[in-house]
Amino acid sequence: MASSPTVSEKTISDDDEIDYSVKPEFYDSELDAKDELWVHKKRNGVVSDAVLSCPACFTTLCLESQRHEKIVTQYRAVFVENCEIKNEEVVQVQSDKKLPKRKRGKNGFEAVEIGKVKPVCCSVCSTRVGVIDEDEVYHFFEVIPSEV
Ligand SMILES: [Zn+2]
C-alpha cells in the first residue's frame, strides 16, 4: 500500500486492466491448495479406477476413485458427489455386519487403520456406502463400481 494513485480522473480502463491481472493470482493460490492435494495423490500413482454408484439407487457417488491395493472391493476417493457425511456419528473402526456378502473381501473395514471415521451415506437414499477418515479421504465399501 504505497501512495494512492491519482484518483478517479484517471481512466477507468486502467483500473480494469489491473484488476484482470491481479484476480487470477488470488484464485490460483486458493485452487492450488486443493489441486495440490489431488495432484499429489495422482503422482503417487492414483488414477481413477472406477466410477462408483450407490448400490441401492444407483446415484453416482464418485467419478475418480482409487481401488485399494489389496481389497479390490474397496475404493478410496477425495472428490465425491451425492454423499452425506453423518457428522453426529463417530464410529470406531470395526467390522460391519451390515456389509453385504457379495461386496466384502474379508472384512470391509480392515484396511482403514485410523482411529475414528465418520459414516458416509448416499444423500439420495441414505444408504450407507462407506466412511470418511480424519484426512477427509472417503473409503467406499458398499458401492457399485463401473470400470472406466
Ligand atoms: Zn442411494
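The following exercises, each with a worked solution, concern a predicted model of a protein chain with a bound zinc ion.

**Exercise 1. Determine how many helices and strands the protein chain has, and in what order the elements run.**

Solution. Begin with the count: the protein chain has one helix and 10 strands. Next, read the order from the N terminus, which is α-β-β-β-β-β-β-β-β-β-β. Then consider burial: of the 148 residues in the protein chain, 30% are buried. Finally, turn to contacts between residues at least 6 apart in sequence; 54% of these join residues at least 24 apart.

**Exercise 2. Identify the protein donors of the zinc ion and classify their arrangement.**

Solution. Step one is to list the donors. They are the SG atoms of C54, C57, C122 and C125, and they lie 2.2 to 2.3 Å from the zinc ion.

Step two is to examine the angles. The four donor atoms subtend angles of 104 to 114° around the zinc ion. Four donors count as tetrahedral if all angles lie between 85 and 135 degrees; the arrangement is therefore tetrahedral. For reference, the ideal angle for four tetrahedral donors is 109.5 degrees.

Step three is to place the donors in sequence, where their spacing reads C-x2-C-x64-C-x2-C. The pair C54 and C125 links distant parts of the chain, 71 residues apart. C54 belongs to the loop between β1 (50-53) and β2 (60-62), whereas C125 belongs to the loop between β7 (116-122) and β8 (128-132).

Step four is to assign accessibility. Buried means under 20% relative accessible area. C54, with a relative accessible area of 0%, is therefore buried. C125 has a relative accessible area of 31% and is partly exposed.

**Exercise 3. Describe the burial of β1 and find which strands are joined to it by bridges.**

Solution. First, inspect the two faces of β1. A50 and L52 lie on one side, V51 and S53 on the other, and all are buried, so that both faces are covered.

Second, locate the partners. β1 and strand β10 (residues 144-147) run antiparallel and are joined by four bridges. In this pairing L52 stands opposite P145 of β10. β1 and β2 also run antiparallel, with two bridges between them, and S53 stands opposite T60 of β2.

Third, examine the hairpin of β1 and β2. Six residues lie between the strands, and F58 takes a positive phi near 65°.

**Exercise 4. Establish how far β7 is enclosed, and which residues stand opposite C122 and K118.**

Solution. Start from burial: five of the seven residues of β7 are buried, and the strand is therefore largely enclosed by the rest of the structure.

Continue with the pairing to strand β5 (residues 83-85), which runs antiparallel to β7 and is joined to it by three bridges. C83 stands opposite C122 in β7; C122 is also one of the zinc donors.

Proceed to β8, which pairs with β7 in the antiparallel sense over four bridges. The bridge partner of K118 in β8 is I132. β7 and β8 form a hairpin with five residues between them, and S126 in the turn has a positive phi of about 65°.

**Exercise 5. Characterise the surroundings of β9, starting from H139 and the aromatic pair of Y138 and F140.**

Solution. Take H139 first. This residue lies in strand β9 (residues 138-140) and is buried, with a relative accessible area of 6%. The H139 side chain makes a polar contact of 2.8 Å with the side chain of D133.

Take the aromatic rings next. The count of aromatic pairs comes to one. Y138 and F140 form this pair, with 6.1 Å centre to centre and 10° between the planes. Planes under 30 degrees apart count as stacked, and the pair is accordingly stacked. Both Y138 and F140 are buried.

Take A77 last. A77 lies in strand β4 (residues 75-77) and is buried, with a relative accessible area of 3%. Among the residues that A77 touches are V137, Y138 and F140, as well as C62, E64 and S65. A77 and S65 are 12 residues apart in sequence, yet 4.6 Å apart in space, C-alpha to C-alpha.

Conventions. Residues numbered from 1 in each chain as written. Predicted model: local features only at pLDDT ≥ 70, side-chain atom pairs only at ≥ 80, totals over all residues. Heavy atoms only, no water. Donors = N, O, S within 2.8 Å, 3.2 Å for Na, K, Ca; no water. Tetrahedral: all angles 85-135°; square planar, octahedral: opposite > 155°, others 65-115°. Buried < 20%, exposed > 50% of the residue type's maximum accessible area, 1.4 Å probe, protein only. Phe/Tyr/Trp six-rings, centres within 6.5 Å; stacked < 30°, edge-to-face > 60°. Pairing = 2+ DSSP bridges. Polar contact = N/O pair within 3.5 Å; in protein donor to acceptor, adjacent residues only side chain to side chain. Contact = heavy atoms within 4.5 Å. Lists of a residue's contacts leave out its neighbours within four places in sequence.
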